[in-house]
Amino acid sequence: MTDMNTIVGSHDLLMITLDTLRYDVAKLEEQNCPNLCGTGPWEKRHTPGSFTYAAHHAFFGGFMPTPANTDKASHVRLFHSRNTGLKTHPHTWLFDTPDIVSGLAAEGYRTICIGGVIFFTKKNPLAKVLPGYFQQSYWRMNFGVTNPKSTEHQVQHALKLLEQSAPDEKLFLFLNVSAIHGPNRYFVEGAKEDSVETQRAALRYVDEALGPLFDAMRQRSRPTFCLAFSDHGTAYGEDGYRGHRLAHDVVWNVPYREFIL
């Protein structure tokens with residue numbers, strides 16, 4: 001059980017949302033993802049939202065995906081708003097601001113967002129809301145879902161920002177990975193539509209592309225606490241459903257990991 005009161009202030013924080021990654025897909029590729037799963041397996045959790053916009057509002061409010069079990073002892077939140085009147089665990093980090101991003105900024109962290117899917121593009125007022133939580137936010141066309149090398153471009157941008165930051169500066173770096181979100185058919189040659197198999201291939205690509213970012217974070221003066229998880233899954237025809245923003249197990253069940261770099 002992670003004591004976030006020993007993490008906040010002593011560690012950099014890296015939060016990666018693997019947009020639209022299904023739990024079953026993540027488990028199938030566990031052995032092929034040495035960067036994301038090199039220190040342990042995926043944990044099955046339930047997402048607080050069935051699509052990107054809703055889920056990320058919950059995450060930034062401190063509501064991470066919930067363990068997929070009824071054992072309340074395992075449901076200890078990493079982050080919780082202070083003075084809600086609710087009992088909190090001693091390991092939970094309490095913040096006085098409306099969200100964890102500004103809460104970490106108040107603790108001296110520089111907060112950075114590297115967006116991926118449409119809700120981070122800043123192309124209209126709605127798409128400015130989620131990036132607006134951060135002191136610095138970035139989006140480029142080549143970070144988006146239509147670019148087959150999007151994760152590489154996102155990581156390269158993150159590496160440039162890390163080079164510009166002081167070694168002892170506390171960082172909260174957030175990365176919304178778009179490559180697993182549809183369309184992902186171009187990760188399997190000849191595929192005509194998105195499927196479990198094309199999402200598996202996309203995940204393998206993402207894991208490899210994240211390697212340089214993990215290596216760079218390891219070179220910093222303090223360790224990095226990494227949260228890597230999906231915001232929601234998606235349906236590829238199960239029970240007649242396609243897509244997300246709907247109530248089906250393949251949407252609500254998500255993979256989750258937390259580990260130290």
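The following exercises, each with a worked solution, concern a predicted model.

**Exercise 1. The annotated domain**

Task: State which residues the UniProt annotation "domain: Sulfatase N-terminal" covers, and give the helix and strand content over residues 99-252.

Solution. Step one takes the extent from the record: the unreviewed UniProt entry places "domain: Sulfatase N-terminal" at residues 99-252. Step two turns to the model, where this stretch is 32% helix and 16% strand. Step three takes the ends of the stretch, whose C-alpha atoms lie 23 Å apart.

**Exercise 2. The order of the sheet**

Task: Determine in what order the eight strands of the open sheet are arranged, and identify which strands form the edges.

Solution. Step one is to read across the sheet: the order is β3-β2-β12-β9-β1-β8-β6-β7, with mixed pairing. Step two is to find the strands that pair on one side only, and these are β3 (66-67) and β7 (136-138). They are therefore the edge strands, given that a pairing requires at least two bridges.

**Exercise 3. Strand β1 and its partners**

Task: Establish how many residues of β1 are buried, and describe the sense in which β1 pairs with β9 and with β8.

Solution. Step one applies the cut-off, by which a residue is buried when its relative accessible area is under 20%. Seven of the seven residues of β1 meet it, so the strand is largely enclosed by the rest of the structure. Step two separates the two faces: D12, L14, I16 and L18 lie on one side, while L13, M15 and T17 lie on the other, and all are buried. Step three considers the neighbours. With β9, strand β1 pairs in the parallel sense over six bridges, and I16 stands opposite A228. With β8, the pairing is parallel over six bridges, and L18 faces V177 there.

**Exercise 4. Strand β12 between two neighbours**

Task: Describe how β12 pairs with β9 and with β2, and state how many of the residues of β12 are buried.

Solution. Step one concerns β9 (residues 224-229), which pairs with β12 (residues 253-260) in the antiparallel sense over five bridges. Within this pairing, F225 has I260 as its bridge partner, and C226 stands opposite F259. Step two concerns β2 (residues 43-46), which is antiparallel to β12 over four bridges; here K44 is partnered by P255. Step three assesses burial: six of the eight residues of β12 are buried, and the strand is mostly covered.

**Exercise 5. A helix across the sheet**

Task: Identify which strands helix α7 lies across, and give its angle to β1.

Solution. Step one locates the helix at residues 196-218. Step two lists the strands beneath its path: β1 (12-18), β8 (171-177), β9 and β12. Step three compares directions, and α7 runs at about 170 degrees to β1. As angles run from 0 to 180 degrees between N-to-C directions, this value means that the two run in nearly opposite directions.

**Exercise 6. Aromatic rings and charges**

Task: Classify the pair formed by F59 and F229, and state which rings R45 and R77 lie over.

Solution. Step one gives the setting: the model contains 15 aromatic pairs. Step two takes F59 and F229, whose centres are 4.9 Å apart and whose planes differ by 80 degrees. Planes over 60 degrees apart count as edge-to-face, so this pair is edge-to-face. Step three places the partners: F59 is in helix α4 (residues 52-60) and F229 in strand β9, 170 residues apart. F59 is buried because its relative accessibility is 0%, and F229 is likewise buried at 0%. Step four notes a cluster, in which ring pairs link F60, F120, Y133, F134, F172 and F174. Step five turns to the charges: R45 lies over the face of Y256, 3.7 Å from the ring centre, and the charged end of R77 sits over the ring of F63 at 4.0 Å from its centre.

**Exercise 7. Two residues compared with the burial cut-off**

Task: Decide whether N147 and H157 are buried or exposed, and name their contacts beyond four places in sequence.

Solution. Step one locates N147 in the loop between β7 and α6 (150-164). Its relative accessibility is 19%, so N147 counts as buried. Its contacts are M141, N142, H153 and Y186. Step two locates H157 in helix α6. H157 is buried because its relative accessible area is 15%, and its contacts are I114, Y138, R140 and F143.

Note on methods
Residues numbered from 1 in each chain as written. Predicted model: local features only at pLDDT ≥ 70, side-chain atom pairs only at ≥ 80, totals over all residues. Heavy atoms only, no water. UniProt positions renumbered as here; feature names shortened; annotations may be inferred. Contact = heavy atoms within 4.5 Å. Phe/Tyr/Trp six-rings, centres within 6.5 Å; stacked < 30°, edge-to-face > 60°. Buried < 20%, exposed > 50% of the residue type's maximum accessible area, 1.4 Å probe, protein only. Lys NZ or Arg CZ within 6 Å of the ring centre and 35° of its normal.
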